[in-house]
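Subject: Structure handover

Hello,

Here is the structure I promised to pass on. Please open it and keep it beside you while you read my notes.

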Amino acid sequence: MKTTFLRLSLPLAVALALGTGVASAAGTPLGKWMKTNMGTALAAEDFPTLKKNFDFLSTKQPSADYPDWARFAKTGSAAAAKSDGAAAHAACNACHDAYKHKYQKDFPSTPFP
């Protein structure tokens with residue numbers, strides 16, 4: 001019973017965390033793409049789609065001012081390949097912590113992808 005509760009709680013916790021973390025970024029084209037493509041796949045535990053999207057992101061470094069962009073995305077891709085939702089979410093958070101506000105300031109209306 002306890003294991004089932006924990007198994008069911010993780011996707012809900014991830015979805016709620018993504019909903020609050022990504023919703024504020026959704027004002028940018030990248031934020032909208034992230035919410036639709038990354039947040040939805042992570043919340044649904046659709047790891048093949050999540051891996052594909054992380055791989056795509058790893059090729060979209062916006063400028064040299066974002067040197068760890070690809071590393072964060074590749075870390076997320078590796079986590080998705082292992083169906084590790086917590087590690088994939090951690091990769092998202094690492095990138096958001098490092099770059100979210102900077103990206104919003106630098107590229108508020110730049111089309112993505």
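Start with one definition: a disulfide is counted when a pair of cysteine sulfur atoms lies within 2.5 Å. The idea behind the term is simple. A disulfide is a covalent bond between the sulfur atoms of two cysteines. Bear in mind that this is a predicted model.

**Cysteines**

How many disulfides does the structure hold? The count is 0. Cysteine 92 is in no disulfide, and its nearest cysteine sulfur, in cysteine 95, is 8.2 Å away. Why is there no bond from cysteine 95? Its closest cysteine sulfur, that of cysteine 92, is 8.2 Å off, and the cut-off is 2.5 Å, so the gap is too far for a bond.

Are these cysteines buried or exposed? Cysteine 92 has 10% relative accessibility, so it counts as buried. Cysteine 95 is at 15%, and it counts as buried too.

**Overall layout**

Now step back to the whole chain. It has 5 helices and 0 strands. Along the sequence the pattern reads α-α-α-α-α. The chain has 113 residues, and 36% of them count as buried. About 6500 Å² of the chain is exposed, with 61% of that supplied by carbon and sulfur atoms.

Contacts across the sequence are worth a look. Take those between residues at least 6 apart in sequence: 61% of them join residues at least 24 apart.

**Cavities**

Next, the empty space inside. Rolling a probe the size of a water molecule over the atoms shows where empty space is left. The count is 3 cavities of 30 Å³ or more. I looked at the second largest cavity, which holds about 110 Å³ of space.

Which residues line the second largest cavity? They are Met34, Met38, Phe54, Leu57, Trp69, Phe72, Ala73, Ala91, Cys92, Cys95 and His96. Both of the cysteines discussed above are in that list.

Four helices each give at least two residues to this lining: helix 2 (29-43), helix 3, helix 4 and helix 5 (85-106). Helix 5 supplies the largest share, with 4 residues. By type, the lining has 10 nonpolar residues, 1 polar and no charged.

**Backbone points**

Some backbone angles deserve a check. Most residues other than glycine have a negative phi, and most peptide bonds are trans.

Glutamate 45 is not a glycine, yet its phi is positive, at about 55 degrees. It is found in the loop between helix 2 and helix 3. Its relative accessibility is 25%, so glutamate 45 counts as partly exposed.

Serine 83 is not a glycine either, and its phi is also positive, at about 55 degrees. This serine lies in the loop between helix 4 and helix 5. With 47% relative accessibility, serine 83 counts as partly exposed.

Then go to the end of the chain. Phenylalanine 112 and proline 113 are joined by a cis peptide bond, with omega at about 0 degrees. Proline 113 is in the segment after helix 5.

**Three more residues**

Glycine 85 is in helix 5. Is it buried or exposed? At 11% relative accessibility, glycine 85 counts as buried. Leaving aside neighbours within four places in sequence, glycine 85 is in contact with Leu42 and Phe47. Phenylalanine 47 is 38 residues away along the chain, but the C-alpha atoms of the two are separated by 8.0 Å.

Serine 77 belongs to helix 4. Its relative accessible area is 5%, so serine 77 is buried. Which residues does serine 77 contact, neighbours within four places in sequence aside? They are Lys51, Phe54 and Asp55. Phe54 also appears in the lining of the second largest cavity.

Proline 67 sits in the loop between helix 3 (47-57) and helix 4 (69-81). With a relative accessible area of 56%, proline 67 is exposed. Not counting residues up to four places away in sequence, proline 67 touches Gln61 and Tyr99.

**Where to begin**

I suggest starting at cysteine 92 and cysteine 95, whose sulfurs are 8.2 Å apart. From there, follow the lining of the second largest cavity, which includes Cys92 and Cys95.

Best wishes

Terms used:
Residues numbered from 1 in each chain as written. Predicted model: local features only at pLDDT ≥ 70, side-chain atom pairs only at ≥ 80, totals over all residues. Heavy atoms only, no water. Buried < 20%, exposed > 50% of the residue type's maximum accessible area, 1.4 Å probe, protein only. Contact = heavy atoms within 4.5 Å. 1 Å grid on protein atoms, 1.4 Å probe; cavity = no way out; pocket = protein on both sides within 12 Å on 5 of 7 lines; lining within 4 Å. Points joined across faces, edges and corners; volume = space filled by probe spheres on them. Nonpolar A, V, L, I, M, F, W, Y, C, P; charged D, E, K, R; others polar. Areas by Shrake-Rupley, 256 points an atom, 1.4 Å probe, with all protein chains shown as cover.
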